[in-house]
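Here are a few notes to read alongside the model, written with the bench in mind. Have the sequence and the 3D view open as you go through the points.

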Amino acid sequence: MALGKNYDGQNCALAKALELLGERWTLLVVRDALYGVRRYGDFLAHLDIPRAVLSQRLHTLVEAGVLTKRRYQDSPAREEYVITAAGRELWPPVYMLGRWGERHAVTNEPWRLFFHQPCDAPLDRYAACTACGAHTEPDQVEVRPGPGLPNDREDPVTVAMRTPHRMLTPLP
């Protein structure tokens with residue numbers, strides 16, 4: 001029997017969330033948007049995602065209100081994808097899934113380190129500040145390269161992420 005393409009018959013908020021976010025590329029697009037990626041070409045280069053898949057994921061995230069499109073240039077017309085308040089609410093699960101992956105899915109050191117900017121203290125595994133205990137909002141977090149960060153890629157996002165960067169701040 002073929003695996004279904006949706007969760008019809010599942011009256012559950014988790015099933016509805018997975019319907020939107022459970023496709024293999026979607027949370028990586030959201031992660032990059034939280035990091036400050038906004039332009040189609042930057043998502044494309046950083047994720048190594050097929051164009052058609054990226055276009056569909058961006059469309060779905062815009063339709064769901066996780067991202068919004070905003071024109072940043074008129075001639076030629078160019079738009080960027082900006083994370084919305086609903087998208088920013090995905091920060092804790094995206095962060096925690098990444099930390100879970102570091103503990104259980106990879107054996108090397110972390111690629112990225114996350115610090116609560118007001119305290120300049122690292123976050124714990126639940127995205128709380130280790131100094132003040134605050135549960136962080138993404139705009140309060142600085143991402144820094146970790147000891148396990150590979151240097152084998154040269155796309156603009158990877159290069160920009162080699163230096164400390166405030167989340168949600170557009171990457172160059």
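1. A word on terms before the residues: buried means under 20% relative accessible area, exposed means over 50%, and partly exposed covers what lies in between. Please also keep in mind that this is a predicted model.

2. Let's begin with the cysteines. How many disulfides does a search of the whole structure find? The search finds zero. Cys132 shows why one candidate pair fails: its closest cysteine sulfur belongs to Cys119 and lies 3.7 Å away, which is too far for a bond, given that a disulfide needs the two sulfur atoms within 2.5 Å. Cys132 has a relative accessible area of 45%, so it is classed as partly exposed. Cys12 falls in that class as well, because its relative accessibility is 35%.

3. Next, the largest nonpolar core. It has 34 residues, and the members that touch the most others are Phe43, Trp91 and Phe114. Two or more residues come from each of helix 2 (26-35), helix 3 (40-47), helix 4 (51-63), strand 2 (78-83), helix 6 (91-104), strand 5 (141-145) and helix 7 (156-160). Helix 2 is the biggest giver, with five residues.

4. Phe114 is worth selecting in your viewer. Setting aside neighbours within four places in sequence, Phe114 is in contact with Tyr35, Trp91, Tyr95, Arg99, Ala121, Pro122, Leu123, Val141, Glu142, Val143 and Met167. Trp91, one of these partners, is also among the three core members that touch the most others.

5. Now for the largest pocket, whose volume is about 890 Å³. Its lining has 31 residues, and those nearest the centre are Leu28, Arg31, Tyr35, Gly98 and Trp111. Helix 2, helix 3, helix 6 and strand 3 (112-116) each give two or more residues to this lining. Which element supplies the largest share of the lining? That is helix 6, with nine residues. Sorted by class, the lining has 19 nonpolar, five polar and seven charged residues.

6. Tyr35 links two of these points: it is one of the residues nearest the pocket centre, and it is in contact with Phe114.

7. Last, a look at Arg38, which sits in the loop between helix 2 and helix 3. Is Arg38 buried or exposed? Its relative accessibility is 19%, so Arg38 counts as buried. Beyond its neighbours within four places in sequence, Arg38 is in contact with Phe43, Arg70, Glu80, Tyr81, Val82, Leu168 and Pro170. Phe43 will be familiar from the core in point 3.

Technical notes: Residues numbered from 1 in each chain as written. Predicted model: local features only at pLDDT ≥ 70, side-chain atom pairs only at ≥ 80, totals over all residues. Heavy atoms only, no water. Core = buried A, V, L, I, M, F, W, Y, C linked by side-chain atoms within 4.5 Å. Buried < 20%, exposed > 50% of the residue type's maximum accessible area, 1.4 Å probe, protein only. Helix = DSSP H or I, 4+ residues; strand = E, 2+ residues; numbered from the N terminus. Contact = heavy atoms within 4.5 Å. 1 Å grid on protein atoms, 1.4 Å probe; cavity = no way out; pocket = protein on both sides within 12 Å on 5 of 7 lines; lining within 4 Å. Points joined across faces, edges and corners; volume = space filled by probe spheres on them. Nonpolar A, V, L, I, M, F, W, Y, C, P; charged D, E, K, R; others polar.
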